Amino acid sequence: MSNIVIVTESGSDISAAEAAELGVEIVPMHVSIGDVTIDDGSLDPAEMLEECRQLGVLPHTSGSMPADFAAVFDCIHAERPDAHILYIAYSAVTTCSFESARTAAEGRDYISMFDSAHVTIGLGLVVRKTAEHLAANPDITISELLEWSQAYARRVRMGFIPGDLGYLRAGGRLSNAAFVGATLLRIKPIIELIDGRLVATKKLRGKMEPCALGLIDHLLVQGTPDTSTAFLVRSCGLPLAIQQAAEKRVHELGFSEVRWYDTQNVITSHCGPGSFAFAFALAE
């Protein structure tokens, strides 16, 4: 058994069940619905959106606080005092979580961390592959695993098409001018992670199904993919026909393993219902 424990935020969209399977510890991010704040993942996203609809509000997110990290770090250290913790962080330019973790880690020489520069399934892909690499190499040192994970993170590519631009605008990730223009022209922007930032890189027009396929094709021209694994993500309300078309396209492109993920509360709050994302890694 390895003496390293991997930690990440709930914004990776790794479910509690998968985290247990991987041996990964999850630190909650948070969502406010009116005057009530909940931990990410504690409420079904569809129920969250329905509560927001009834209250006439949009959800607002906040990153993990130092106390959130301290609770997880303390629990791991109490159960496994000889373990070293590797924290793989949600993009530091988009949230306070990384700084919160640094605050909580002060005086703890058993914690290493790095900014993955990814969110949602981009981060999830880095975390899953790092956990798999650790399981396959239980004697690896923390410095070796940190170096491997950082290198893998640099190879990951992720983009998404929001289901409702109003959620991006409410979260401060889309200007009012861009929102009005995109809405009037029925544009669906591709949002990519570039240097950790959410950037609209290409404008697609039309229905969601051809746009979802367009996202896949757009990302794959960026380099030779590692076709061992592809991650697809949906928020509640994405029609089954679009999911089937996207999965078929990814298999046709030669990916061996295709995994679907569902957005939890934080990511659903950013992209809205009916969104679609695609993540993979470039070949070494």
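**View 1. Arginine 102 is partly exposed in this predicted model.** Its relative accessibility is 45%. Arginine 102 counts as partly exposed because that value lies between the cut-offs of 20% for buried and 50% for exposed. Glutamate 99 also has 45% relative accessibility, so glutamate 99 counts as partly exposed too. The two side chains form a salt bridge. Their closest N and O atoms are 3.2 Å apart. How far apart are arginine 102 and glutamate 99 in helix 4? They are 3 residues apart, which means a separation of about one helical turn. Helix 4 spans residues 97-104.

**View 2. Glutamate 132 and arginine 128 meet in a salt bridge.** The distance from N to O is 2.7 Å. Both residues lie in helix 5. They are 4 residues apart, about one turn of the helix. Is arginine 128 buried or exposed? Arginine 128 counts as buried, because its relative accessibility is 3%. Glutamate 132, at 30%, counts as partly exposed.

**View 3. Arginine 249 and aspartate 217 meet in a salt bridge.** The distance from N to O is 2.7 Å. This pair links distant parts of the chain. Arginine 249 sits in helix 10 (residues 240-252). Aspartate 217 sits in helix 9 (residues 208-220). The two residues are 32 residues apart. Arginine 249 is partly exposed, with a relative accessible area of 22%. Aspartate 217 is also partly exposed, with a relative accessible area of 34%.

**View 4. Salt bridges that share partners build one network.** Which residues are joined into this network? They are Glu18, Glu21, Arg128, Lys129 and Glu132. Arg128 and Glu132 are the helix 5 pair of View 2. In the model, the count of salt bridges comes to 11.

**View 5. Helix 5 packs against helix 6.** Helix 6 covers residues 142-155. The packing angle is about 145°, and the axes are 10 Å apart. The crossing is right-handed. Which residues of helix 5 meet helix 6? They are Leu125, Val126, Lys129, Thr130, His133 and Leu134. On the helix 6 side, the partners are Leu145, Trp148, Ser149, Tyr152 and Ala153. By class, the contact has 7 nonpolar, 3 polar and 1 charged residues.

**View 6. The largest nonpolar core has 45 residues.** Which residues have the most contacts inside this core? They are Ile88, Ile121 and Met158. Helix 5 (residues 120-136) gives the largest share of the core, 7 residues. A second, separate core has 25 residues. Among them are Leu220, Leu238, Ala245 and Phe278.

**View 7. Isoleucine 88 touches residues from several stretches of sequence.** Neighbours within four places in sequence are left aside here. Its contacts then include Ile6, Val7, Thr8 and Glu9. Phe114 and Ser116 are also among the contacts. So are Leu123, Val126, Val127 and Thr130. Ser149 is in contact as well. Val126, Thr130 and Ser149 also take part in the helix 5 and helix 6 contact of View 5.

**View 8. Aspartate 13 has a positive phi.** Its phi is near 60°, and aspartate 13 is a residue other than glycine. Where does aspartate 13 lie? It lies in the loop between strand 1 (4-9) and helix 1 (16-22). Aspartate 13 is buried, with a relative accessible area of 2%.

**View 9. Threonine 120 also has a positive phi.** Its value is near 40°. Threonine 120 is found in helix 5. Threonine 120 is buried, with a relative accessible area of 4%.

**View 10. Serine 91 is buried in a loop.** That loop runs between strand 6 (84-90) and helix 4. Serine 91 counts as buried because its relative accessible area is 1%. Which residues does serine 91 contact, leaving aside its neighbours within four places in sequence? They are Asp115, Ser116, Ala117, His118, Val119 and Gly196. Serine 91 and threonine 120 are 29 residues apart along the chain. Their C-alpha atoms are separated by 9.7 Å.

Key:
Residues are numbered from 1 along each chain as its sequence is written. This is a predicted model: local features need pLDDT of at least 70, side-chain atom pairs count only at pLDDT 80 or more; totals for chains, interfaces and linings use all residues. Side-chain values use heavy atoms; hydrogens and water are left out. A nonpolar core is a set of buried Ala, Val, Leu, Ile, Met, Phe, Trp, Tyr and Cys residues joined through side-chain atoms within 4.5 Å. Buried means under 20% relative accessible area, exposed over 50%, partly exposed in between (1.4 Å probe, protein chains only). Contact means heavy atoms within 4.5 Å. Axes are lines fitted to C-alpha atoms, for helices over the stretch in contact, and angles run from 0 to 180 degrees between N-to-C directions. A crossing is left-handed if the near helix is turned anticlockwise from the far one by less than a right angle, and right-handed if clockwise. Ala, Val, Leu, Ile, Met, Phe, Trp, Tyr, Cys and Pro count as nonpolar, Asp, Glu, Lys and Arg as charged, and the others, Gly among them, as polar. A salt bridge is a side-chain nitrogen of Lys or Arg within 4 Å of a carboxyl oxygen of Asp or Glu.
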